[in-house]
Amino acid sequence: MPDIEIERVQLAPSILPADVPELSDDECLACLARAVESPDSARLDEVAALIGRLAVAIE
């Protein structure tokens, strides 16, 4: 039987946000709760990243 050549598929990039440290779901939720306790537009990127991290875990 002849050898069959196949193309190696490159790994897809992670869908987890790169700027969120490795946290458990509970730790991530606690960080999100602290971030939204007081309205601060400077933390919007952090809040969005944490929500994105949780959304990936839910899927």
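## Contacts and overall make-up

In the protein chain, 62% of the contacts with a separation of 6 or more are between residues 24 or more positions apart. The model from which this share comes is a predicted one. The protein chain holds 2 helices and 0 strands, and 17% of its 59 residues count as buried.

The accessible surface of the protein chain amounts to about 5400 Å², and carbon and sulfur atoms account for 58% of that area.

## Helix 1 and its two sides

Helix 1 takes in residues 25-37, and at 1.5 Å a residue its 13 residues should span 18 Å; the C-alpha atoms at its ends are 18 Å apart, so the expected and the computed span agree. The buried residues of helix 1 include Cys-28, Cys-31, Leu-32 and Ala-35. These residues lie on the same side of helix 1, because the arc that they cover around the axis is only 100 degrees. On the other side of helix 1, Asp-26 and Glu-37 are exposed.

Ala-33 also belongs to helix 1, and with a relative accessible area of 39% this residue is partly exposed. A distance of 9.9 Å separates the C-alpha atom of Ala-33 from that of Leu-50, a residue 17 positions away along the chain.

## The cysteines

How many disulfides does the count come to? The count is 0 disulfides, the cut-off for a pair of cysteine sulfur atoms being 2.5 Å. Cys-28 is in no disulfide, and the nearest cysteine sulfur, which belongs to Cys-31, is 6.6 Å away. Cys-31 is likewise in no disulfide, its nearest cysteine sulfur being that of Cys-28 at 6.6 Å.

Is Cys-28 buried or exposed? Cys-28 has a relative accessible area of 0%, and therefore counts as buried, given that the term applies to values under 20%.

## Helix 2: Val-47 and Ala-48

Val-47 has its place in helix 2, and its relative accessibility of 13% is the reason why this residue counts as buried. When residues up to four places away in sequence are not counted, Val-47 touches Leu-32, Ala-35 and Val-36. Two of these partners, Leu-32 and Ala-35, are among the buried residues of helix 1. The C-alpha atom of Val-47 is separated by 9.6 Å from that of Arg-34, which lies 13 residues apart from Val-47 along the chain.

Ala-48, which follows in helix 2, has a relative accessible area of 46% and is therefore partly exposed. Between the C-alpha atoms of Ala-48 and Leu-32, which are 16 residues apart along the chain, the separation is 9.1 Å.

## Helix 2: Arg-53

Arg-53 is placed in helix 2, which consists of residues 44-58. Its relative accessible area is 11%, so Arg-53 is buried.

Which backbone oxygen lies 2.4 Å from a polar atom of the side chain of Arg-53? The backbone oxygen is that of Leu-23, and the separation of 2.4 Å can be set against the cut-off for a polar contact, which is a pair of N or O atoms within 3.5 Å.

Key: Residues are numbered from 1 along each chain as its sequence is written. This is a predicted model: local features need pLDDT of at least 70, side-chain atom pairs count only at pLDDT 80 or more; totals for chains, interfaces and linings use all residues. Side-chain values use heavy atoms; hydrogens and water are left out. Helices (H or I, at least four residues) and strands (E, at least two) are DSSP runs, numbered from the N terminus. Buried means under 20% relative accessible area, exposed over 50%, partly exposed in between (1.4 Å probe, protein chains only). A polar contact is a pair of N or O atoms within 3.5 Å; within protein, one must be able to donate a hydrogen and the other to accept it, and residues adjacent in sequence count only if both atoms are side-chain atoms. The expected span of a helix is 1.5 Å times one less than its number of residues. The arc is that of the directions from the helix axis to the C-beta atoms. Contact means heavy atoms within 4.5 Å. Accessible areas come from the Shrake-Rupley method with a 1.4 Å probe; for residues, only the protein chains shown count as cover.
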